[in-house]
Amino acid sequence: SVSKPDGGNGDNSSTNPLAQQIVDFALQYVGYPYVYGTAGPDTFDCSGFTYYVYAHFGYSLNRSSRDQVNNGVAVSKDQLQPGDLVFFYEGIGHVGIYIGGGQFIHASDYGVVVASLYTSYWSACYYGAGRILAN
């Protein structure tokens with residue numbers, strides 16, 4: 001088995017079924033193009049993507065990443081669960097959706113992709129996380 005860099009991150013708890021639906025829905029958009037200022041259904045920017053995914057399940061998030069940080073309940077990195085929003089950069093310039101296993105999905109400059117929180121790049125600019133779904 002692969003050991004996680006942080007010694008386990010709470011992924012072993014049973015995933016909220018709605019969280020799994022959100023992750024599966026988000027993953028359908030891998031490869032969709034990034035266009036600044038858009039929120040789906042064909043192109044996304046980072047916060048437009050999280051906004052669109054959550055809207056599909058009846059949650060209205062704020063439209064910008066720095067405002068979405070106020071939509072959820074703050075959670076520490078070692079307590080991340082699938083469906084949590086993950087935020088990057090001081091002043092919050094980027095957001096994605098945690099999908100479990102140390103990975104998150106986000107609308108990057110390269111389009112919608114899955115990335116690891118533990119790459120040197122993303123771990124260096126990680127800011128925090130917010131839980132939208134009640135446990």
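This report describes the cores, open spaces, salt bridges and selected residues of one protein structure. The structure is a predicted model.

## Nonpolar cores

The largest nonpolar core is made up of 23 residues. Those with the most contacts inside this core are F49, V53, Y54, L85, I97, I105 and V112. Two or more residues come from each of the helices α1 (17-27) and α2 (46-56), and likewise from each of the strands β2 (85-88), β3 (94-100) and β4 (103-108). Among these elements α1 gives the most to the core, with five residues.

I105 illustrates how parts of the chain meet in this region. Leaving out residues up to four places away in sequence, I105 touches A26, L27, V30 and F49, together with G96, I97 and I99. The same count includes V112, V113 and V114. Another core, of 12 residues, lies apart from the largest one and includes F104, A115, W122 and Y126.

## The largest pocket

The largest pocket holds about 180 Å³ of space. Its lining is formed by Y34, C46, Y89, G93, H94, H106, A107, S108, D109, Y110, Y121 and W122. The elements that give two or more residues to this lining are β4 and α4 (120-125). With three residues, β4 gives the most to the lining of the largest pocket. By residue type, the lining divides into seven nonpolar residues, four polar residues and one charged residue.

One of the lining residues is S108, which has its place in strand β4. S108 counts as buried because its relative accessibility is 7%, and the cut-off for buried is under 20%. Beyond its neighbours within four places in sequence, S108 is in contact with Y34 and V113. Y34 is also listed among the residues that line the largest pocket.

## Enclosed cavities

Two cavities of 30 Å³ or more are found in the whole structure. The largest cavity contains about 50 Å³ of space. It is lined by 10 residues, and those nearest its centre are Q81, P82, D84, R131 and L133. The residues of this lining divide into four nonpolar, four polar and two charged.

## Salt bridges

Side chains of opposite charge can pair when their charged atoms come close. The whole structure contains two salt bridges, set out in the table below.

| Salt bridge | N to O distance | Separation in sequence |
|---|---|---|
| R63 and D45 | 3.2 Å | 18 residues |
| D84 and R131 | 2.9 Å | 47 residues |

In the pair formed by R63 and D45, R63 lies in the loop between α2 and α3 (65-68), while D45 lies in the loop between α1 and α2. The pair thus links distant parts of the chain. R63 is partly exposed, with a relative accessible area of 30%. D45, in contrast, is buried, at 6% relative accessible area.

The salt bridge between D84 and R131 joins a loop to a strand. D84 lies in the loop between β1 (73-75) and β2, and R131 lies in strand β6 (residues 126-131), so the pair ties together parts that are 47 residues apart in sequence. D84 is buried, with a relative accessible area of 2%, and R131 is also buried, at 13%. Both D84 and R131 are named among the residues nearest the centre of the largest cavity.

## Two further residues

V95 is placed in strand β3. With a relative accessible area of 0%, V95 is buried, since the cut-off for buried is under 20%. Setting aside its neighbours within four places in sequence, V95 is in contact with C46, S47, T50, S65, Q68, L85, V86, F87 and H106. Of these contacts, C46 and H106 also belong to the lining of the largest pocket. The C-alpha atoms of V95 and G128 are separated by 9.7 Å, although the two residues are 33 residues apart along the chain.

P41 is found in the loop between α1 and α2. The relative accessible area of P41 is 43%, and P41 is therefore partly exposed. Apart from its neighbours within four places in sequence, P41 is in contact with the tyrosines Y29, Y32 and Y52. P41 and Y52 are 11 residues apart in sequence, and their C-alpha atoms are 7.6 Å apart in space.

How values were computed: Residues numbered from 1 in each chain as written. Predicted model: local features only at pLDDT ≥ 70, side-chain atom pairs only at ≥ 80, totals over all residues. Heavy atoms only, no water. Core = buried A, V, L, I, M, F, W, Y, C linked by side-chain atoms within 4.5 Å. Buried < 20%, exposed > 50% of the residue type's maximum accessible area, 1.4 Å probe, protein only. Helix = DSSP H or I, 4+ residues; strand = E, 2+ residues; numbered from the N terminus. Contact = heavy atoms within 4.5 Å. 1 Å grid on protein atoms, 1.4 Å probe; cavity = no way out; pocket = protein on both sides within 12 Å on 5 of 7 lines; lining within 4 Å. Points joined across faces, edges and corners; volume = space filled by probe spheres on them. Nonpolar A, V, L, I, M, F, W, Y, C, P; charged D, E, K, R; others polar. Salt bridge = Lys/Arg side-chain N within 4 Å of Asp/Glu carboxyl O.
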